[in-house]
Structures are given as structure tokens and as C-alpha cells.
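Let us walk through this structure, from its overall build down to a few points on the backbone. Keep the 3D view open while reading.

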Amino acid sequence: MNISMALEDTVLRNARVVAGEGGIGTEITWVHIVDHPDIAAWVERGQLLLSTGYNWPEDDPSQRALIRSLAERGLAGVVLAVPKFLAHFPNASIEEANQVGLPLLEIDWDVPFRTITEEIHASIIRDQGELIQRSDEIHRALTHAALTANTLSDLAVSLGGLLNRSVNFVDPDGLTLGTSEARSAAVDVGERERNYMRLLHNRIILRRIQDSVSPILIDPQPEVDVPRRLGCPIRIRGEIAAIVFVDEGDEALGELDIRATEHASIIGALHLAHMHALHLQEERLGYALVGTLLEGKFEETPSALERARLSGWDPTGSYRVCLVLLDEPLPLSREGFLRRERWVDRLRKYLEGVEQSALVLVSLNQITFFLASHLEPEPLWRVLGSRGAALAVSREHTGVIGMAKGGEDVQSLLPLLKPGKVHHFHEVMFPRALMGDAGARALFVESRLGPLLADKKGEALMETVEALCAEGFQLANTARRLSVHISTLRYRVERIESMLGTTLESQECRFEIQVAVALYKIMTER
């Protein structure tokens, strides 16, 4: 109950607010009667003070000092019985109360303090009973939701419906783990929450949340379009795993919201711990699959291929192998290990969000994963990347042999990775090959001519490529050089383009193939 409600529902409806009207929304925790000189020492936060005015200070400075002291103590307000000892609150008291926002009320002497106390206390007890009952209902509903929920979004929707508020679960890096808000073209919840977490970090508010053991109230942040909200940390084994936020909305946040948010943090911790245990099991299976593919040790038996498909890998699908090099010194510290685990969790959630199985391998400060070719690595990096980490991206590969080649691609890029950057194999190998790197030279030649060199019947096509390079890709001259009809040459060019997955019309492609042919001749002549 607050003073505004007491003015409507109790005998205080007969009182008059003479100062501090802006503070009548203050919650009343108890009613206290004090009538001796040292008033401030006997009151506590949230109490409504009843006074006859018998010992109210007479001089202006003492009145102002008393009002300031009562406001600092967190008093809900003062009710003065008039006109037995004081006809009204003195002007100095009213002026000071208006400045500090302390409500001052006057009520007729004939209204017994006992009646005021009984009615307000009865209302407080009744409200507390309703609060406990409602809190218990929410507790049971959330516990049931925890048993049936598959995701944190399910929990967020359940709590949001119970409180009629927006609820979001967000990890310490700003990744949205679950939300009660429906997807909307107008609001990107994930982007908003990332910006919000960055803002909290910059204003040192995030540290307050992380250090707290209970929900804290956070002021509105209009820069990122976030209203006033409650934030409560979710801890697993003492570490912050996530934060649950409950938005204010049309009605002010109250005790029920605080209790519900605190309970939601416990349910969220249980859910995350359970999901973590499942992930550990999945990781063991996934790590083994990805590891054997990258090492070229995968045996293509029917049963092994079936298990691979169940794990989410399509033997006929096209993938890029990606490797994240974390900015963590070796051997990993405990904090470094936890940061790596958070990175992997965020990566898994991102891949789930784009509907791809999380095929991940973790080793030391490296995280290797497969990314389907229709997905570009840049959007992933914009969400997950950091200044210290770097991303290596292989060429597109298919099948068991292709995954091993993708692993070789990204390993060859490791010495060249720069913090905060995305490095594609095809962008780096060419300049390295030109600079004389023997390993890069071999990889570059294989990347440009590999399909032709691997084809047992590709000798004539390779000869055609060499002739095209020698004749500057002039078809007529090349046909005469090879002593073939130009139609035959055109057919061969189509085959070459199909096998290499490119077009010989591109000047850039022609140049790289010319360099690859020249390097191949040097390598084979040795």
C-alpha cells in the first residue's frame, strides 16, 4: 500500500495533502506514532509517521533540519492531527517538504490514531497475503514451465504472460538466450539487447547487476529504447551465466515482480545447467565426428555415415571449415577456459538460430566448426566476433576428403591471422604464393588447378589450360597451337570451367590461373 491508495481506501480519505504531493506513491511498510523531540531517531524507511505536533520544532531552521532528516531516513510521510497543538504545518516545514518530496498530511484531531493504524495495517497485511498467494501461484506456474520448457524463450513467454510484462534472458556478452517478445520487423530484440548490454557495461551498471544477489532496478535507457526494468543475475557454480530482465511497461514494477524475477533466475539456472549437461554429451559425440573428419580418419562405412547424418553432417553437402583463434594465452587459465566455453555456447546458439547443426571442435585456444556454404561467415562474425579473436575461413568443400582439405586450409592461415579480422583462404593464399611461400604455393596451385590435376583423364584439359595461358586466352590462336578445331576447344573450355567452378572470362581468374600454371611448371620441373 502507498499513501495514494491510503487516501482512497482508508480513513485517511479525510486527510489533506499540504506538501510533497509528488511522493504519495511511496510504499507504506508500517504506521508509527512518535511524539518526543528526537523524532528522526525513532523512524525507519517506509514508515508513515503520526504526530500530534506536541514536540514539533518551533523555529524555522530546526523544522527544515527535521524534514530533511526524515526524508533521508526514507520516511513515507507525516500525518499531523490538527488543530490541538498545531493549527497547521508551519510554512518552513511545508517549503522544505516540497523541496525534498516528503508528503505532509493534515487530519482532524477527532480521527483517532488507533483507527488510522488499524485500517492501514489491515490493508498492508491483506496486500501481503495477496502478494504471497500470487507469488506462490507464479512459483508453481514457473516450476511447471521449467518441467515442460524446451528453451529459455518458453520460460520467458510463461513469466511474461504471468506478469503481463516483457521478459528477456541475455548472456553476459549480450546474446539473447530467450525472449517473450514476438518477432517483429520493427524491433530486432537481439540487436537491442546487445546495444543495451554494451551501454550497461560502459556505465558500470552491469557490474552492479553481476555483484548483486537479488534483482536490482535499472533506470530507463532511452538511447537503446529500453524502459525501466529489473535485472537479476543467473549463476551456475558461482559464475554469471545470464541475466533475466523484466520490463516495467504500463504499470510500475513492484514486490511481486521482484519475487517473480528472483524465482525466474533460479529456474533459469536449473534450465541452463541441464542444457549444459546435454551439450557436454553432444559435444563429446560432435567433437569426435569433427575431429576425425578434419584429420582425414573418418571411415565411410554405412553405420558411420548414418551416425554422421544424425549428428547433422551431410556427406553430400557443401561446407566451409572455419577456425576461430581466441586471444587467450596458453596454457588456458580458468578465466580463459570459461571465456572459451562462453564463446562456444554463443556459437552453438547462433548456428541453431540459422538452423544449422553445431558441428564444432574445441582445442586449446582454437574453435573449429563447419559452416554450410549458403551461410556467409561475415554475419556470424558481426554477432560473435571480438577485437582480440580472428576467424579463418576455408574454401568450399564437400565430402570426407573435402572436410580434411578444409582443415588444411584454415591451419595454413593460422600464421597470418590478425586480431578482429576475417581471413578467407582464397584471399590470402595468392599473395603468399607470390611471396615465395612453398606451402602456400602448393595450396594455391591445388586450389586453382586441383580438379584438373586429380582427374585421370584431365591431361588434355591441363594441356589446353597451358596453351590458353600461353596465347593470352585467345581461342583462335590456342586452337591452332593445339591443332584442334575451335569447336573442340570451346567444348574443352566449358569442361574446364565446370571442373574449376569458375569462368575464364574474368581477368582476375585468368591472371590467377596463369600464375598457377607457371608455379605448377616450376614445382614439377624440380
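This is a predicted model. Its chain carries 18 helices and 15 strands. Those elements do not pack into one compact globule: the radius of gyration is 36 Å, well over the 24 Å that the globule rule gives for 526 residues, so the chain is more spread out. The box tells its own part of the story. Taken along the principal axes, the C-alpha atoms fill roughly 125 × 50 × 45 Å.

The domain assignment comes next. Four domains divide the chain. Domain 1 covers 3-122 and domain 2 covers 149-276. Domain 3 follows at 296-427, and domain 4 takes 438-525. Between the C-alpha centres of domain 1 and domain 3 the distance is 67 Å.

Now consider burial and contacts. Of the 526 residues, 48% count as buried. Contacts between residues at least 6 apart in sequence can be sorted by separation: 63% of them join residues at least 24 apart. The chain exposes about 26900 Å². Carbon and sulfur atoms supply 51% of that area.

Charge can be read at the level of the chain too. There are 55 positive and 74 negative charges. Their mean positions lie 9 Å apart.

From here, turn to the backbone. Two peptide bonds ahead of prolines are cis. One runs from V82 to P83, with omega near 10°. P83 sits in the loop that links β4 (77-82) to α3 (91-100). The other runs from L330 to P331, where omega is near -5°. P331 belongs to the loop between β11 (318-325) and α10 (334-353).

Follow α10 onward to the loop between this helix and β12 (360-363), and E355 comes into view. Phi of E355 is near 60°, a positive value in a residue other than glycine. Is E355 buried or exposed? It is exposed, with a relative accessible area of 75%.

S483 also has phi near 60°, again positive in a residue other than glycine. Look for S483 in the loop between α16 (475-482) and α17 (486-500). How does its accessibility rank against the cut-off? Exposed means over 50% relative accessible area. S483 counts as exposed because its relative accessibility is 66%.

To retrace the route: the chain is more spread out than a compact globule, and it is divided into four domains. Cis bonds precede P83 and P331, while positive phi values mark E355 and S483.

Methods: Residues numbered from 1 in each chain as written. Predicted model: local features only at pLDDT ≥ 70, side-chain atom pairs only at ≥ 80, totals over all residues. Heavy atoms only, no water. Helix = DSSP H or I, 4+ residues; strand = E, 2+ residues; numbered from the N terminus. Rg over C-alpha atoms; globule rule 2.2 N^0.38 Å. Buried < 20%, exposed > 50% of the residue type's maximum accessible area, 1.4 Å probe, protein only. Contact = heavy atoms within 4.5 Å. Areas by Shrake-Rupley, 256 points an atom, 1.4 Å probe, with all protein chains shown as cover. Lys, Arg positive; Asp, Glu negative; His and termini not counted. Charge placed at Lys NZ, Arg CZ, Asp CG, Glu CD. Domains from an automatic or database assignment.
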